[in-house]
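The exercises below ask you to read a protein model step by step, moving from whole-chain totals to single pairs of side chains. Please work through each task before turning to its solution.

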Amino acid sequence: MKKRMLTYLKFVGLFVLIIVLFAFAGKRNERRKIKEVYDEFVEEQEPYISEYMVNKLLIQNHGRVTNVGKEILVLNTVEKELDSHKMIEHSDVYLTVNGELRARIKQRTPIARVNAVTPFYIDVTGKRMPLSKSYSAHVPIVHNVSERELSNVFPLLKKIREDKFLKMHVVAIYRNAEKSYELELRTNAFRLVIGKIEDINRKIKNFKAFYQKASKDKTLNKYKKVSLQYNNQVVCTFK
């Protein structure tokens with residue numbers, strides 16, 4: 001009986017000790033000040049927002065973050081401030097046991113630039129994105145499309161981004177008076193007429209077959225226009 005009681009008292013004592021240690025660690029952690037601020041940009045992206053701007057967002061409205069006690073720094077608030085920036089898609093802010101404030105940043109990704117009075121990008125979700133002061137994206141330029149018409153041209157831009165062949169060749173997209181689309185290619189002088197965006201996969205498949213054959217025949221430089229807008233045909237206009 002005494003042995004069982006002694007074992008019981010040992011377990012109680014160990015439990016109390018654990019509680020005391022956790023309480024001590026918690027108090028010590030609360031008194032610990034934030035020593036450093038670090039930024040990490042996830043994925044391989046160009047710097048559309050600089051580390052300086054991220055650090056500025058991290059410390060604004062919090063005085064100097066490195067002198068703020070951990071217990072009064074609300075991480076959710078800091079994340080919301082970062083996520084509200086027009087260049088940031090998502091952020092994850094956390095504290096390390098060493099007193100470091102770290103921010104993982106996922107930037108928005110532009111897929112085209114709209115040539116307007118005030119130029120802007122279109123991002124991977126089809127939404128407007130401002131130009132960056134830090135970096136100019138190497139993306140196709142869209143002409144004659146207003147902001148309210150982004151949803152119309154977005155399927156074509158998405159196709160260009162996802163297709164390796166188109167991404168390599170297309171440098172500009174034009175919407176003509178008939179509200180049809182034409183593409184300017186990087187290394188070929190002819191204008192590629194897409195027409196309406198409907199049935200875009202079939203049109204691009206036909207163009208690739210034509211391009212491969214014309215490249216083999218060395219006739220690509222003979223055309224000033226290649227049209228895909230007619231049913232299952234590639235119609236060429238000579239210079």
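Two strands count as paired if DSSP finds at least two bridges between them, and strands themselves are DSSP runs of E with at least two residues, numbered from the N terminus. The model is a predicted one.

**Exercise 1. Two hairpins**

Task: Determine how β9 is paired with β8 and with β10, and how many residues lie between the strands of each hairpin.

Solution. Step 1: strand β8, residues 170-175, pairs with β9 in the antiparallel sense, and 5 bridges join the two. R175 has Y181 of β9 as its bridge partner. Step 2: β8 and β9 form a hairpin with 5 residues between them, and K179 in that turn has a positive phi of about 60°. Step 3: β9 also pairs with strand β10, residues 191-195, again in the antiparallel sense and over 4 bridges, with E182 standing opposite V193 in β10. Step 4: β9 and β10 likewise form a hairpin, with 5 residues between them. Step 5: strand β9 covers residues 181-185, and because 4 of its 5 residues are buried, the strand is largely enclosed by the rest of the structure.

**Exercise 2. A charged pair at these hairpins**

Task: Find the side chain that meets E182 in a salt bridge, and decide whether each partner is buried or partly exposed.

Solution. Step 1: the partner is R191, and the N to O distance is 3.1 Å. Step 2: the cut-off for buried is a relative accessible area under 20%, while partly exposed lies between that and 50%. Step 3: E182, at 14%, is therefore buried, whereas R191, at 28%, counts as partly exposed.

**Exercise 3. The open sheet and its helix**

Task: Establish the strand order of the open sheet of 3 strands, identify its edges, and locate the helix that packs on it.

Solution. Step 1: the order is β1-β3-β2, with mixed pairing. Step 2: β1, residues 36-41, and β2 are the edge strands, each of which pairs on one side only. Step 3: neighbouring strands of this sheet are turned against each other by 20° on average, direction ignored. Step 4: β2 and β3 run antiparallel and are joined by 7 bridges, and D92 stands opposite R104 in β3. Step 5: helix α3, residues 75-83, packs on the sheet and touches β2 and β3, its direction making about 155° with that of β2.

**Exercise 4. Salt bridges between separate parts of the chain**

Task: State how many salt bridges the whole structure holds, and examine what the pairs K106 with E89 and R128 with E147 link.

Solution. Step 1: a search of the whole structure gives 8 salt bridges. Step 2: one pair consists of K106 and E89, whose side chains meet at 3.3 Å, N to O. K106 belongs to strand β3, residues 100-107, and E89 to strand β2, residues 88-95, so the pair ties together parts that are 17 residues apart in sequence. Step 3: K106 is buried, at a relative accessible area of 13%, but E89 is partly exposed, at 42%. Step 4: R128 and E147 form another salt bridge, at 3.2 Å, N to O. This pair links distant parts of the chain, 19 residues apart, with R128 in strand β6 (residues 128-129) and E147 in the loop between β7 (141-143) and α4 (150-162). Step 5: both partners are partly exposed, R128 at 32% and E147 at 45%.

**Exercise 5. Helix α4 and K159**

Task: Compare the span of α4 with the expected one, list its buried residues, and trace the contacts of K159.

Solution. Step 1: α4 has 13 residues and reaches 18 Å from first to last C-alpha, close to the 18 Å expected at 1.5 Å a residue. Step 2: its buried residues are L150, V153, F154, L156, L157, K159 and I160. For reading such a list, an α-helix has 3.6 residues a turn, so residues three or four places apart point the same way. Step 3: leaving aside neighbours within four places in sequence, K159 is in contact with L166, I200, N201 and I204. Step 4: K159 and I200 are 41 residues apart along the chain, yet their C-alpha atoms are separated by 8.2 Å.

**Exercise 6. The chain as a whole**

Task: Collect the totals for the chain's elements, burial, contacts and exposed area.

Solution. Step 1: the chain contains 6 helices and 12 strands. Step 2: of its 239 residues, 38% are buried. Step 3: among contacts with a separation of 6 or more, 49% come from residues 24 or more positions apart. Step 4: the chain exposes about 15400 Å², of which carbon and sulfur atoms supply 54%.

Note on methods
Residues are numbered from 1 along each chain as its sequence is written. This is a predicted model: local features need pLDDT of at least 70, side-chain atom pairs count only at pLDDT 80 or more; totals for chains, interfaces and linings use all residues. Side-chain values use heavy atoms; hydrogens and water are left out. A salt bridge is a side-chain nitrogen of Lys or Arg within 4 Å of a carboxyl oxygen of Asp or Glu. Buried means under 20% relative accessible area, exposed over 50%, partly exposed in between (1.4 Å probe, protein chains only). The expected span of a helix is 1.5 Å times one less than its number of residues. Contact means heavy atoms within 4.5 Å. Axes are lines fitted to C-alpha atoms, for helices over the stretch in contact, and angles run from 0 to 180 degrees between N-to-C directions. Accessible areas come from the Shrake-Rupley method with a 1.4 Å probe; for residues, only the protein chains shown count as cover.
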